[in-house]
Amino acid sequence: MWTLAVIVLLILGLGVLLAATVNPKRDDDYVSIALIGVIIAQLAAGTLGVLTISAEYTTGMIRTTLTAYPRRIQVLVAKGLVFAGLMFAVGLVTMGLTAVIGKSMLTSRIGDSSADVDLFRSVVGSSLYLAVIGLFGLGFGVLLRHSAGAITALMGFILLPMIIGPFLPHSVGEKVMQYSPMFALGKLIGGGDGDGGPGPWPSLLLIAVYAAIALIAGGIRLRSRDV
């Protein structure tokens, strides 16, 4: 519950703060400015995904869960569906509210933006992204079975491509960044069709593939190894 509260506060709080303080240009996308908090909130979403199952390994409750319902893959699927649905709902409500408040605050101070705004892509796409990155964390959690290790691995996967990409040879570094979670989120929030790489929805699909690989690998370990 605390992590969910942090996600809401990061998205809504940073959105309102930026809308009240920044001085954008008329051709800026006001919605993407208001939703900038999701870039940090994704770390909390991924962490919550890890804790959804790794906490049970830490406390030993996973034995009780699997004793009560021995069909392990179904347990993992159920956890994933409940978690993804919750994360999408929280993201949709929070980002929808933040987009409306942020845009109204900016337009009241600066006037209407001349940028083309795709509200569906920004709000719904980013909410789906939060759910997917949380499932990615769930996959790491069941695969590594250790909260700190899984969270560290997930943070590295999210952040490292954008950190090391500029230091790699140009063509390689560009691809590393373009196929990373942060790039996908940037596409969903602000579009950015002119900066190369996959479009917003293909980028989201790519991250979903990453999450599916992590979940499949975790499911194989869950089924084949003792708890």
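Gln-42 touches Tyr-129, Leu-130, Ile-133, Ile-158, Met-182 and Leu-185, leaving out residues up to four places away in sequence. This is a predicted model, and Gln-42 is a good place to enter it. The residue lies in helix α3. Its relative accessibility is 0%. Buried means under 20%, so Gln-42 counts as buried.

One of the partners of Gln-42 is Leu-130. Leu-130 has its place in helix α6. Like the glutamine, this leucine is buried, with a relative accessible area of 0%. What does Leu-130 contact, leaving aside its neighbours within four places in sequence? The list runs through Ile-7, Ile-11, Val-38, Ala-41, Gln-42, Ala-45, Met-87, Gly-91 and Met-95. Ile-7 and Ile-11 also appear in the contact that α1 makes with α5. So do Met-87 and Met-95, on the α5 side. A further distance helps to place Leu-130. Its C-alpha atom is 9.4 Å from that of Val-90, although the two residues are 40 apart in sequence.

Now return to α3 and look at its helix partner. Two packed helices are described by the angle between their axes and the distance between the axes. Helix α3 covers residues 38-59, and helix α7 covers residues 147-164. They pack at an angle of about 155 degrees, and their axes are 9 Å apart. An angle over 145 degrees counts as roughly antiparallel, and α3 and α7 are therefore roughly antiparallel to each other. Their crossing is right-handed. On the α3 side, the contact is made by Gln-42, Leu-43, Gly-46, Thr-47, Val-50, Leu-51, Ser-54, Ala-55 and Thr-58. On the α7 side stand Ser-147, Ala-150, Ile-151, Leu-154, Met-155, Ile-158 and Leu-159. Gln-42 is thus part of this contact. By class, the contact has 10 nonpolar, six polar and no charged residues.

Charge does appear elsewhere on α3. Side chains of opposite charge can pair when their charged atoms come close. How many salt bridges does the structure hold? It holds one. The side chains of Glu-56 and Lys-79 form it, at 2.3 Å from N to O. Glu-56 lies in helix α3 and Lys-79 in helix α5, which spans residues 72-110, so the pair ties together parts that are 23 residues apart in sequence. Are the two partners buried or exposed? Glu-56 is buried, and Lys-79 is buried too.

The salt bridge leads to α5, and α5 leads to α1. The axes of α1 and α5 come within 8 Å and cross at roughly 10 degrees. Angles under 35 degrees count as roughly parallel, and α1 and α5 are therefore roughly parallel to each other. From α1, the meeting residues are Leu-4, Ile-7, Val-8, Ile-11, Leu-12, Gly-15, Val-16, Ala-19, Ala-20 and Thr-21. From α5 they include Leu-86, Val-90, Thr-94, Ile-101, Met-105 and Arg-109. By class, this contact has 16 nonpolar, five polar and one charged residues.

Two residues of α1 show the contact in detail. Val-8 is found in helix α1, which covers residues 2-21. At 28% relative accessibility, it counts as partly exposed. Val-8 touches Gly-13, Val-90 and Thr-94, not counting residues up to four places away in sequence. Its C-alpha atom is separated by 26 Å from that of His-146, which is 138 residues away along the chain. The other residue is Ala-20, also in helix α1. Ala-20 counts as partly exposed, at 42% relative accessibility. Beyond its neighbours within four places in sequence, Ala-20 is in contact with Met-105 and Arg-109. Between Ala-20 and Pro-70, 50 residues apart along the chain, the C-alpha atoms are separated by 52 Å.

The last helix pair brings back α6, the helix of Leu-130. Helix α6 (residues 119-144) and helix α10 (residues 200-224) have axes that come within 8 Å and cross at roughly 20 degrees. That makes α6 roughly parallel to α10. The crossing is left-handed. The residues of this contact divide into 23 nonpolar, four polar and two charged.

The tour ends in a loop. Arg-145 lies in the loop between α6 and α7. Its phi is positive, about 60 degrees, although it is not a glycine. At 14% relative accessibility, Arg-145 counts as buried.

Technical notes
Residues are numbered from 1 along each chain as its sequence is written. This is a predicted model: local features need pLDDT of at least 70, side-chain atom pairs count only at pLDDT 80 or more; totals for chains, interfaces and linings use all residues. Side-chain values use heavy atoms; hydrogens and water are left out. Axes are lines fitted to C-alpha atoms, for helices over the stretch in contact, and angles run from 0 to 180 degrees between N-to-C directions. Helices (H or I, at least four residues) and strands (E, at least two) are DSSP runs, numbered from the N terminus. Angles under 35 degrees count as roughly parallel, over 145 as roughly antiparallel, 65 to 115 as roughly perpendicular and the rest as oblique. A crossing is left-handed if the near helix is turned anticlockwise from the far one by less than a right angle, and right-handed if clockwise. Contact means heavy atoms within 4.5 Å. Ala, Val, Leu, Ile, Met, Phe, Trp, Tyr, Cys and Pro count as nonpolar, Asp, Glu, Lys and Arg as charged, and the others, Gly among them, as polar. A salt bridge is a side-chain nitrogen of Lys or Arg within 4 Å of a carboxyl oxygen of Asp or Glu. Buried means under 20% relative accessible area, exposed over 50%, partly exposed in between (1.4 Å probe, protein chains only).
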